[in-house]
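Here are some short exercises on one protein model. Try each task on the structure before you read its solution.

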Amino acid sequence: MRSEHLALHTDKYQINMIYAHWINGTHERRTVFEAYFRKLPFGNGYAVFAGLERIVEYIRHLRFSERDLDYLARQEENYKPEFLELLRNFRFRGTLLSYKEGDLCFPNEPLIRVEGSIMETQLVETALLNFMNFQTLIATKASRIKRVAERDVLLEFGSRRAQEADAAVWGARAAYISGFDATSNLLAGETFGIPTKGTHAHSWVQIFDSEQEAFELYAKALPDYVSLLVDTFDTLESGVPHAIRTAKQLEAAGKRLGSIRLDSGDLAYLSIQARKMLDEAGLDYVKIVASNDLDENTIFNLKAQGAKIDIWGVGTQLITAADQPALGGVYKLVERERNGVMEPTIKISGNPEKVTSPGKKDVLRIVSKESGKAIADYVCFPYEEQARTGGKLRLFDPVHPYLKKSVKDYEAVPMLQPIFVDGELVYELPTLEEIRHHHEGQLHMFWPEYLRKLNPEIYRVNLSQEAWELKQRMIEEHMSHLEE
């Protein structure tokens, strides 16, 4: 799953804009872009940042091959050979800062900042957003499911319903970051070291003359890991009784049945009855696995009904983020070079939420020294030192400025970490287990009110006074120009 040969994983208008810059001699103008999302997915109180590892590998291997250049030479735009030669020698020499994978993140704060020539910053936009948007979306969905399942085992079962192989594999990784315990996808297991789990299909039972024969032969083949799917014909009248008989045979051979799986019907009722049958047969150690279009809402409801389910196999609803299949992250220009000097720039829109915040910005997570809990995220300019000193800090809501709060005795944690500096990778990618552990630590940093499934408290994301005033001033300047 390497990220090589992805130079053309971009929208055509990126190449066309770069070409037009080159024609006009502006392709080396310095720029700063920021990537962020405007609205939390799933009505959630938070999102989980993911995708950095693939972004890093993409940029490290970002080269135009001869095949790429031949393809571009055949385009209707008829790019000049000198431009294609420029692409042949292209290397990313810019600077990129990013959140860490597993970080909790929120709307309208820069998650990634890219600095470099307009040629560099424009070229990487499509792939960067693709990787960030998808993996952050799946990691967020997985975290929601984990918050509901709590200490239960979670298995990612989505490969067959994912939108192609990359989505299945990287989606499994994103789910693992947020607390899933294993995946059914062997390529994800091999690539990332994620534990793999699996049972068997209904076809295994159907191909034999009886359900009992199918169970016995499966147990004979895999005596140390037996999980039996019990709903092929009749869960309570056939499947569970045959599984119990097979479990007794395993006990006689010094082995144990690991679990039974329910994949249809009323999972609450069936799991309660199956648990009773297993316990009465002396098989209280046998776990119950449930699958069948599960998500956090279904699991929440099943638990409320007293379902006796130990392990949840979650597939389609997770890997496709079925209730919101796109994060909607954007990548906006916030600073540009003009006459050799960097200056802030703003995008104005008829939709207020689409008006950008000008200028290159940092994000500081304001954490109480007393409780160790996050108070707010503070978006400010790199040169602003007040927040970094830990002194008294005034926070106000950028949409409703009258909502104010002052904090003191805090630690300001910088969220944007240098990843590439002048084209050199300066960040050591953590292992997947380290990312998973980091995410757990992030959750502990937030009060439960921000993390709950239903009606979560809104976490504060505040612009600094200087950043807010610059935005208002540039909006007013724009409006005054329109009135002239």
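**Exercise 1. Find which residues of helix α15 are buried, and which on the other side are exposed.**

Step 1. Set the terms. Helices (H or I, at least four residues) and strands (E, at least two) are DSSP runs, numbered from the N terminus. Buried means under 20% relative accessible area, exposed over 50%, and partly exposed in between, with a 1.4 Å probe and protein chains only.

Step 2. List the buried residues. In α15 they are L432, I435, R436, H439, Q442 and L443. They cover an arc of only 115° around the axis, which puts them on the same side of α15. The arc is that of the directions from the helix axis to the C-beta atoms.

Step 3. Turn to the other side of α15. H437 and H444 are exposed there.

Step 4. Check the length. The expected span of a helix is 1.5 Å times one less than its number of residues. For the 13 residues of α15 (residues 432-444) that gives 18 Å, and the end C-alpha atoms are 19 Å apart, which agrees.

A note on the source: this is a predicted model, in which local features need pLDDT of at least 70 and side-chain atom pairs count only at pLDDT 80 or more, while totals for chains, interfaces and linings use all residues. Residues are numbered from 1 along each chain as its sequence is written, and side-chain values use heavy atoms, with hydrogens and water left out.

**Exercise 2. How many disulfides does a search of the whole structure find?**

Step 1. Recall the chemistry. A disulfide is a covalent bond between the sulfur atoms of two cysteines. The cut-off here is a pair of cysteine sulfur atoms within 2.5 Å.

Step 2. Take C105. The closest cysteine sulfur to its own is in C380, 18 Å away, too far for a bond.

Step 3. Look at burial. C105 has a relative accessible area of 0%, so it is buried. C380 also counts as buried, at 0% relative accessibility.

Step 4. Give the count. The search finds 0 disulfides.

**Exercise 3. Which residues touch the most other members of the largest nonpolar core?**

Step 1. Define the core. A nonpolar core is a set of buried Ala, Val, Leu, Ile, Met, Phe, Trp, Tyr and Cys residues joined through side-chain atoms within 4.5 Å.

Step 2. Name the residues. The largest core has 131 residues, and I260 and W312 touch the most other members. Helix α6 (residues 125-149) gives the most to this core, with 12 residues.

Step 3. Follow W312. Contact means heavy atoms within 4.5 Å. Leaving aside neighbours within four places in sequence, the contacts of W312 include A149, V153, L155, A290 and K303.

Step 4. Add the second core. This separate set of 12 residues includes I366, I375, A387 and Y410.

**Exercise 4. What is the strand order in the open sheet of 6 strands?**

Step 1. Set the rule. Strands of a sheet pair through backbone hydrogen bonds, either parallel or antiparallel. Two strands count as paired if DSSP finds at least two bridges between them.

Step 2. Read the order. It is β7-β6-β11-β10-β9-β8, with parallel pairing.

Step 3. Find the edges. β7 (182-183) and β8 (227-229) each have a single partner strand, so one side of each is left without a neighbour in the sheet.

Step 4. Inspect one pair. Strand β6 (residues 153-156) and strand β11 (residues 311-314) run parallel, joined by 4 bridges. L155 has G313 in β11 as its bridge partner.

**Exercise 5. Trace the antiparallel pairs from β1 to β20 by way of β5, β3 and β19.**

Step 1. Begin with β1 (residues 30-36). It runs antiparallel to β5, with 6 bridges. V32 stands opposite E115 in β5.

Step 2. Check β5 (residues 112-117). In this strand, 6 of 6 residues are buried.

Step 3. Go on to β3. It pairs with β5 over 4 bridges. S98 stands opposite I112.

Step 4. Cross to β19. β3 (residues 95-98) and β19 (residues 417-421) share 3 antiparallel bridges. L96 stands opposite F420 in β19.

Step 5. Finish at β20 (residues 424-425). It pairs with β19 over 2 bridges. L425 in β20 is the bridge partner of F420. The hairpin of β19 and β20 has 2 residues between the strands, and D422 takes a positive phi near 50°.
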